Amino acid sequence: MSTTFSDTIAGPVLGVTSSLSGRCWQWRSGEDRVAFGIAQRLELPEIVGRLLAGRGVGIEAAADFLQPTLRVLLPDPSCLIDMDVAADRLAQAALGSETVAVFGDYDVDGACSSALMVRFLRGLGCVVHHHVPDRILEGYGPNQPALAGLVARGAGLIVCVDCGTAAAMALSGVAGQAEVIVLDHHKAEGLPPAILATVNPNRLDCSSGLTSLCAAGVAFMTAIATVRALRRLGFFAGRPEPDLIELLDLVALATVCDVMPLTGLNRALVCQGLKVMARRTRPGITALLEVAQAREKLNAATCGFALGPRINAGGRISEADLGLRLLLTEDRVEALALAERLDAVNRQRQDVEAGIMEAAMRSAEAQVTAGQAVVLVAGEGWHPGVVGIVAGRIKERFNRPACVAGIAGGLGKGSGRSVAGLDLGAAVIAACQAGILETGGGHAMAAGFSVRAERVEDFRAFLNDRLVAASALPGAADLTVEATFTVAGATIDLARHLERLAPFGAGNEEPTLVLHRARVVRADRVGREANTIRAFVEGEGGGLRLKAMLFRAREGGLADALLARGNGVPLHLAGHLRAEEWNGSVSPCFVIVDGAVA
């Protein structure tokens, strides 16, 4: 196999400084000594050693990276501040068969962490009620009417999951009526609420180092600590302990969909969780996989692209608790009915999104052309449930921080997405503190806010001043490449070696390789909306033909070059090599993400 790595050539990959999508191709760097050491110690192919070294994986850590286990990577839950207090109180609730309420959130992490705690506590004998706030009517996080409703139903303990860290005022409303535990991961601006326990690795005073856990990960750690507390109290003397491993499918789904780094503990949680998911023992997930027609081997992409958008759809534009109800049901008939409803809602969400996207993109392009550092677009009647998706697409298209808001009744509710190195959350919080926004918060890469319509231009000016460095960014983000190879080198064996680094996602992106001087011999648009291009390519000397796919293939640039078969000129094609299984056979397939004229 003819393969080139970054140490053998200097400068941009194959000299590509502006690809067909305007990107510069840069090598991923890695230490040769570490790469060779990994390959030699673990008896791996050289390319696997290089890919690991390029990801900052050392020789000693390589084995655990490739085969992550909870036995090695799971820390003592007590390292999280307030964990022991929370676990002891939950243990007492189990001992007394108390009535407990779980207050969740309407996204995937919220649904998964809520389902995890509801099932866990019910399994211990508690009576458990749950509430997910309506995005439009209630907004994010605990609110006093909902909390009062849970107390009225008999809850003496309320567990807030994936929310609550910034809800001190709302939570104070049930003081003296119910105790409150918060299991969250959102960044805190100051002191935690004055409640029984706030378990959050992103508390300013928490030194656990587990800042990359999602809420479902925090909830799983809490379940471990609670079982440990109950074991000490003799609770399991006459009953079996709960099988916590069976909860890991929920943790894996939440971790991927909340875009947490797939490194360290998260990598072990997702790897083990995907194995649990593959057993298809949870009726809701099984039904959703069937509705999504996800028949291939389960992986992180299944979570991120098949399951996640459908679970999210309910909270975006329909019933906020649809996803939670799906994950909780034990009835397969009900599970299928709920999955079909979520699938229909997701299609509706796509229609709503499409109705906003075109206008938002036109406005964004005008702002970028005018030299704006940050894109801020707002529209009357735009649904706030989809503005985050639109912001993400604008950010991808223009390589700029992007905020999108829907305005109703003079108030805009919006969401923003940023690029690496520019902290959008801090800018939004600062705008809120400056009195420009009604509400606002978030983290480096994403934020949410509300703004009066008359202050939108003030907010735009504030963002452009605060994030002025974005104006120097290129029109498209650089593409990091790890190796170049020929069509003849695109073998099933190589694809299988690359698979060893999975699961892929944030913090562990799928390796991007470049097919060197490939000739397109056939290309057609396929799919229901003809937005996918299926091509076949071969080397300059002919011979082996390789199937290649380009998804979300909009008009222009790369799509046109493929359909024109490169106008007879070979192309460098960047993308991901995968082993495609179909009807019992396996063949290599190349998923294209970019291209350049050779």
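In this predicted model, helix α13 gives the most to the lining of the largest cavity, supplying three residues. Helix α13 covers residues 300–317, and α14, covering 322–328, joins α13 in that each supplies at least two residues of this lining. The full set of lining residues consists of Asp105, Tyr106, Ala111, Val132, Ile311, Gly314, Gly315, Ala320, Gly323 and Leu324. By character, six of the lining residues are nonpolar, three are polar and one is charged. The volume of the largest cavity is about 40 Å³, and the structure holds one cavity of 30 Å³ or more. Rolling a probe the size of a water molecule over the atoms shows where such empty space is left.

Attention may now turn to helix α5, formed by residues 83–95. Its 13 residues should span 18 Å at 1.5 Å a residue, and the end C-alpha atoms are 18 Å apart, so the expected span and the model agree.

Which residues of α5 are buried? They are Met83, Ala86, Ala87, Arg89, Leu90, Ala91, Ala93 and Ala94. In an α-helix there are 3.6 residues a turn, so residues three or four places apart point the same way.

The buried residues of α5 pack against several other elements: the strands β3 (99–103), β5 (157–161), β6 (179–183) and β7 (197–199), together with the helices α6 (108–123) and α9 (215–232). Following α5 comes serine 97, which has a positive phi near 45°.

Technical notes
Residues are numbered from 1 along each chain as its sequence is written. This is a predicted model: local features need pLDDT of at least 70, side-chain atom pairs count only at pLDDT 80 or more; totals for chains, interfaces and linings use all residues. Side-chain values use heavy atoms; hydrogens and water are left out. Helices (H or I, at least four residues) and strands (E, at least two) are DSSP runs, numbered from the N terminus. The expected span of a helix is 1.5 Å times one less than its number of residues. Buried means under 20% relative accessible area, exposed over 50%, partly exposed in between (1.4 Å probe, protein chains only). Contact means heavy atoms within 4.5 Å. On a 1 Å grid over the protein atoms alone, a cavity is a set of points where a 1.4 Å probe fits but cannot get out, and a pocket is an open set with protein on both sides within 12 Å along at least five of seven lines; lining residues have an atom within 4 Å of a point. Grid points are joined across faces, edges and corners, and a volume is the space filled by probe spheres set on the points. Ala, Val, Leu, Ile, Met, Phe, Trp, Tyr, Cys and Pro count as nonpolar, Asp, Glu, Lys and Arg as charged, and the others, Gly among them, as polar.
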